[in-house]
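User: Please take a close look at the charged side chains and how they pair. I am a first-year student, so explain each term as you go, and then place the pairs beside the other features of the model.

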Amino acid sequence: MPLVCLSLTGRTLAGDLAALDRYRDKIDIAELRADYLDPAEVFAIRGFPERAGVPCILAVRRKSDGGGFTDGEGARLVILAKALAYASPDKNANFAYVDLECDFRVPSVEEAARTFGTKIIRSCHDMTGLPADLDAAWADLAAEPGEIPKLAVTPRGAADFARLVSWATTLPPGERIVIGMGEFGLPSRVLAERLGSSIAYTSALYAGLPVAASGHLDPAALESQYRFREISKDTEVYALGGSRSVVSSKAPALHNAAFRSAGIDAVYVPVPADDAPSLFAALEAVEARGAAITVPLKEAILPLLSRRSRAVDEIGACNTLVREADGWSGHNTDVIGFERSLLEFLGRKDLKGQRATIVGAGGAAKAVAHVLSRLGATALVLNRTLPKARELARRYGFAFGPLAEHATSLIADHSDIIIQATCVGMESEARGDPLDWYEFTGREAVFELIYRPDHTALLDRARAAGCRATNGWQMLRYQSAAQYKIWTGREPPESYFS
Ligand code: NAP
């Protein structure tokens, strides 16, 4: 199982030790990032391993490698030499590892490390992409027997991520570290075991220290949200595919808590993707058994499915995938989640006689329209791209219009319920209020599908006008519970509902 390493990025050693104390029960080793230390602190790093009380890595990362060190190589050499000098017969008082870049070949430093039992991590950091020839880059890193090769690269999309994983899983066994940095690389951190990495790096984010590398998670999140310590080679992988916003979704906490409480050896991990083909490549690379699909891919994935449920065909959008022997089958649980949470919110059994406005005509709005029609409501569809509003409205005999001020009179005629199903206002997506030109009367019931942040400008305005209003958190719970049932064949645990 990979060791969990806490990268310490404090300006003082005392600050680093305080952060380390907070995470002692969650980590195995610490990385002292000397490039973050104030200059006066740097020359006291020799004593750090003994004070830390856990095996320590020393790294003095240059700016070009994603660190903060801007002085010359001479100054870096002096820091490394001093930190490794005067080795103690007590191994715990020495650095257990030193991170040296592949272009830093200084025999005296390497010799000192080897003599005193400090393992060399031989690293390469590509801050802009993936090397064209991964094998050649690796050969350079793995040239010296006894050193631990470390390749940290920056996937620019899910296709890069897929290439990295597929390549890493063909490497021969042995101590190594392979990391995808940035948002697209995040799943490589959770799935370090799958990539054969012996160390998973984290940052003390909840302790307020700066993130040491893009994509680092906090050790507490890695453990509780992603059940990192429970992941083995046999663990089934489920993914959340969609825009970069998936990396801060609350769905992993929900699904992973459910897998844990039911004793299922599975993990749910965000896999950001800009397009459907690269998402599928990434799902294949991590051998995912299933996936949830979100903004903006619920419609784009349809042509790539080998089978679709009746609901997917009727709605025209898919938010749930299951791996089958011959490809991927598509399902839609948004309808289940939306119907149940809407009826609970309204305290009704159906929507007969209700007149509703749907804001949006994307994948989620399609599920909304389907439910409203089934429950007997009459609706108006408003969307920025008018032809999409027209197409969706025609399917159910609804009215349609542009998402613009002159639709106010149309809303007036469809204002018992207003359902906000665009991603405007969603964290990491478009900011704002898609109805900022509409004044709520206080009589509308307002249901917004967004749940992150938990209240938006639109919800605040609706509540201030006296409207009953809710966000999409309950919908997320219900639609996730339905996904769990599709993936596992079991009844969803209580954790989805309470
Ligand atoms: P989608 O398929 O990508 O559709 C996005 C919708 O937002 C389209 O109607 C799009 O209009 C509109 N939009 C995007 N940017 C806009 C802007 N700047 N101004 C005006 N309209 C804009 O996404 P989706 O899957 O339907 O998801 C939509 C929202 O529902 C997301 O916030 C998602 O998190 C939420 N959701 C929540 C749950 C839940 O369980 N709570 C479930 C599903 C979805 P155009 O057609 O003009 O591009």
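Analyst: Glu344 is a good place to start: its relative accessibility is 44%, so it counts as partly exposed, a class between buried (under 20%) and exposed (over 50%), judged with a 1.4 Å probe and protein chains only. This is a predicted model, in which local features need pLDDT of at least 70 and side-chain atom pairs count only at pLDDT 80 or more, while totals for chains, interfaces and linings use all residues. Residues are numbered from 1 along each chain as its sequence is written, and side-chain values use heavy atoms, with hydrogens and water left out.

The partner of Glu344 is Arg340, and their closest N and O atoms are 3.4 Å apart. That makes the pair a salt bridge, meaning a side-chain nitrogen of Lys or Arg within 4 Å of a carboxyl oxygen of Asp or Glu. Side chains of opposite charge can pair when their charged atoms come close. Arg340 has a relative accessible area of 40%, so this residue is partly exposed. Helix α13, residues 334-346, holds Arg340 and Glu344, which are 4 residues apart, about one turn of the helix. Helices (H or I, at least four residues) and strands (E, at least two) are DSSP runs, numbered from the N terminus.

In total, the structure contains 41 salt bridges. One of them joins Lys26 to Asp25, with 3.5 Å from N to O. Asp25 is exposed because its relative accessibility is 59%.

The bridge between Arg76 and Glu101 has its closest N and O atoms 3.0 Å apart. This pair links distant parts of the chain: Arg76 sits in helix α4 (residues 73-84) and Glu101 in strand β4 (residues 97-101), with their positions 25 residues apart in the sequence. Both partners are buried, whereas Arg340 is partly exposed. What larger arrangement do Arg76 and Glu101 belong to? They are members of a network of salt bridges that also links Glu31, Arg61, Arg62, Asp65, Glu73, Asp99, Asp103 and Lys150.

Lys150, a member of that network, has a number within the range of strand β6, residues 148-153, where Ile148 is also found. Ile148 has a relative accessible area of 2%, which means that the residue is buried. Its C-alpha atom is 38 Å from that of Thr294, a residue 146 positions away along the chain. Glu147 lies in the loop between α6 (134-141) and β6. Why is Glu147 called buried? Its relative accessibility is 9%, so it falls in the buried class. The Glu147 side chain makes a polar contact of 3.4 Å with the side chain of Arg114. A polar contact is a pair of N or O atoms within 3.5 Å; within protein, one must be able to donate a hydrogen and the other to accept it, and residues adjacent in sequence count only if both atoms are side-chain atoms.

The ligand also has polar atoms beside the protein. An oxygen atom of the ligand is 3.4 Å from a polar backbone atom of Gly362. For Cys423, a backbone N or O atom lies 3.3 Å from a ligand oxygen, and a polar backbone atom of Leu476 is likewise 3.3 Å from an oxygen of the ligand. On its own the ligand exposes 920 Å², and the protein buries 87% of that.

The cysteines can be checked for pairing too. How many disulfides does a search of the whole structure find? The count is 0, where a disulfide is a pair of cysteine sulfur atoms within 2.5 Å. For Cys5, the nearest cysteine sulfur is that of Cys56, 8.7 Å away. Cys5 counts as buried because its relative accessibility is 0%. Cys467 is placed in the loop between α17 (457-464) and β20 (468-470). With 7% relative accessibility, Cys467 counts as buried. From C-alpha to C-alpha, Cys467 and Ala364 are 23 Å apart in space, and 103 residues separate them in sequence.

Notes: Areas by Shrake-Rupley, 256 points an atom, 1.4 Å probe, with all protein chains shown as cover.
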